Amino acid sequence: MKTIFLRSGFILILLSFSFFVKGIDSLKYSFSLNYYKDLSDTYSGGNLLSGEFAISRSWYGASISYGHFQSHTTSIYQILIEEVNKTFEIPTDEISIMQMGSLSGLLIPIQKKWITTELVFGVVLGKAQSSRFKNAIYSYNVSEEKFTYLYKDYELVKNTHFGYQAGINITLNFSQKIGLQLNSRIQHLSNGGSFFFIGTGLRFNL
């Protein structure tokens with residue numbers, strides 16, 4: 001998967017070089033910083049902060065992005081003490097973080113002074129680590145009706161997600177240099193990594 005990702009990066013470089021030799025005056029560069037909300041249940045939702053650099057010419061272009069994803073969920077684990085016929089609810093926390101990068105091609109059907117629309121198609125690579133609740137280790141004193149000790153056992157789970165994405169960028173231009181960007185991304189990745197991101201941020205035309 002890493003090899004495919006690196007090859008895709010090489011193709012992106014070739015595209016950029018092709019843009020360059022065809023006419024440097026027609027190239028457009030931009031950088032955007034976006035905050036996304038994940039609406040999927042892959043990691044029970046989460047947030048993604050991502051930066052993206054794009055090069056475009058006429059109605060097409062290419063972009064590369066890198067972001068940090070984080071998810072934090074709290075669940076309830078029930079412990080049944082049969083001797084006293086009591087059930088105790090223990091809160092457990094699970095945290096997932098992921099470094100995520102993408103290489104994408106762009107189609108730009110709408111380019112107006114006040115609005116720009118881009119269709120995004122590309123490949124995505126994510127490296128994720130999750131702290132997941134495994135079990136509870138405890139001892140309960142029946143006579144005193146209390147826990148003498150209670151430990152929450154967690155395990156570290158690592159996953160590599162690789163696949164493709166499709167999405168759209170809509171930029172409302174305040175001026176020639178800056179605009180408000182509205183984005184969405186649907187990603188289908190390996191190891192059960194499907195995401196649906198909705199986000200917004202600022203775009204800077206360089």
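**Exercise 1. Get to know the chain.** Find what share of the residues is buried, and work out which pattern the helix and strands follow along the sequence.

*Solution.*
Step 1. Buried residues account for 39% of the 206 residues in the chain. Keep in mind that you are looking at a predicted model.
Step 2. Now count the elements: the secondary structure comes to 1 helix and 8 strands.
Step 3. Read along the sequence, and the pattern is α-β-β-β-β-β-β-β-β.
Step 4. Look at the contacts between residues at least 6 apart in sequence: 60% of them join residues at least 24 apart.
Step 5. Finish with the surface. The accessible surface comes to about 12,000 Å², and 60% of it belongs to carbon and sulfur atoms.

**Exercise 2. Compare two residues of one strand.** Locate S130 and I137, then decide for each whether it is buried, partly exposed or exposed.

*Solution.*
Step 1. S130 sits in strand β5, residues 115-141, and I137 is found in strand β5 too.
Step 2. The relative accessible area of S130 is 1%. Buried means under 20%, so S130 counts as buried.
Step 3. For I137 the value is 44%. This lies between the cut-offs of 20% and 50%, so I137 is partly exposed.
Step 4. Check the partners, leaving aside neighbours within four places in sequence. S130 is in contact with Y43, I95, S96, E155, L156 and V157, while I137 is in contact with Y149, L150 and Y151.
Step 5. Add some detail. The side chains of S130 and S96 are joined by a polar contact of 2.8 Å. I137 and D153 are 16 residues apart in sequence, and their C-alpha atoms are 7.1 Å apart in space.

**Exercise 3. Follow a buried serine.** Find which backbone oxygens the side chain of S71 reaches.

*Solution.*
Step 1. Start in strand β3, residues 60-81, where S71 has its place.
Step 2. With a relative accessible area of 3%, S71 falls under the 20% cut-off and is therefore buried.
Step 3. The side chain of S71 reaches the backbone oxygen of Y43 at 2.6 Å.
Step 4. A polar atom of that side chain also lies 2.7 Å from the backbone oxygen of G45.
Step 5. Beyond its neighbours within four places in sequence, S71 is in contact with Y43, S44, G45, G46, E94, I95 and S96.

**Exercise 4. Find the nonpolar cores.** Which residues make up the largest nonpolar core, and which elements give two or more residues to it?

*Solution.*
Step 1. Recall a general idea: in soluble globular proteins, nonpolar side chains tend to be buried together.
Step 2. Here the largest core has 11 residues: Y36, Y43, L48, F69, M98, M100, V124, A128, L189, F195 and F197.
Step 3. The elements that give two or more residues to this core are β4 (86-111), β5 and β8 (193-205).
Step 4. Another core, of 6 residues, lies apart from the largest one, and I81, F133, A136 and Y140 are among its members.
Step 5. Return to L189 in the largest core. Neighbours within four places aside, L189 is in contact with V124, H161, F162, G163, Y164 and F195.

**Exercise 5. Look for empty space.** Give the volume of the largest pocket and of the largest cavity, and name the residues closest to each centre.

*Solution.*
Step 1. The largest pocket has a volume of about 470 Å³.
Step 2. Its lining holds 20 residues, and K28, T116, N173, Q176 and N205 lie nearest its centre.
Step 3. The largest share of this lining, 3 residues, comes from β1.
Step 4. Turn to the cavities: there are 2 of 30 Å³ or more, and the largest contains about 160 Å³ of space.
Step 5. Of the 15 residues that line the largest cavity, L48, S50, S65, S102 and Q187 are the closest to its centre.
Step 6. β1, β2 (46-57), β3, β4 and β7 (178-189) each supply at least two residues of the lining of the largest cavity.

**Exercise 6. Check two loop residues.** Where are E145 and N191, and what is phi for each?

*Solution.*
Step 1. E145 is in the loop between β5 and β6, and N191 is in the loop between β7 and β8.
Step 2. Phi is near 55° for E145 and about 60° for N191. Both values are positive, although neither residue is a glycine.
Step 3. E145 has a relative accessible area of 47% and is partly exposed. N191 reaches 52%, which is over 50%, so N191 is exposed.

Conventions
Residues numbered from 1 in each chain as written. Predicted model: local features only at pLDDT ≥ 70, side-chain atom pairs only at ≥ 80, totals over all residues. Heavy atoms only, no water. Helix = DSSP H or I, 4+ residues; strand = E, 2+ residues; numbered from the N terminus. Buried < 20%, exposed > 50% of the residue type's maximum accessible area, 1.4 Å probe, protein only. Contact = heavy atoms within 4.5 Å. Areas by Shrake-Rupley, 256 points an atom, 1.4 Å probe, with all protein chains shown as cover. Polar contact = N/O pair within 3.5 Å; in protein donor to acceptor, adjacent residues only side chain to side chain. Core = buried A, V, L, I, M, F, W, Y, C linked by side-chain atoms within 4.5 Å. 1 Å grid on protein atoms, 1.4 Å probe; cavity = no way out; pocket = protein on both sides within 12 Å on 5 of 7 lines; lining within 4 Å. Points joined across faces, edges and corners; volume = space filled by probe spheres on them.
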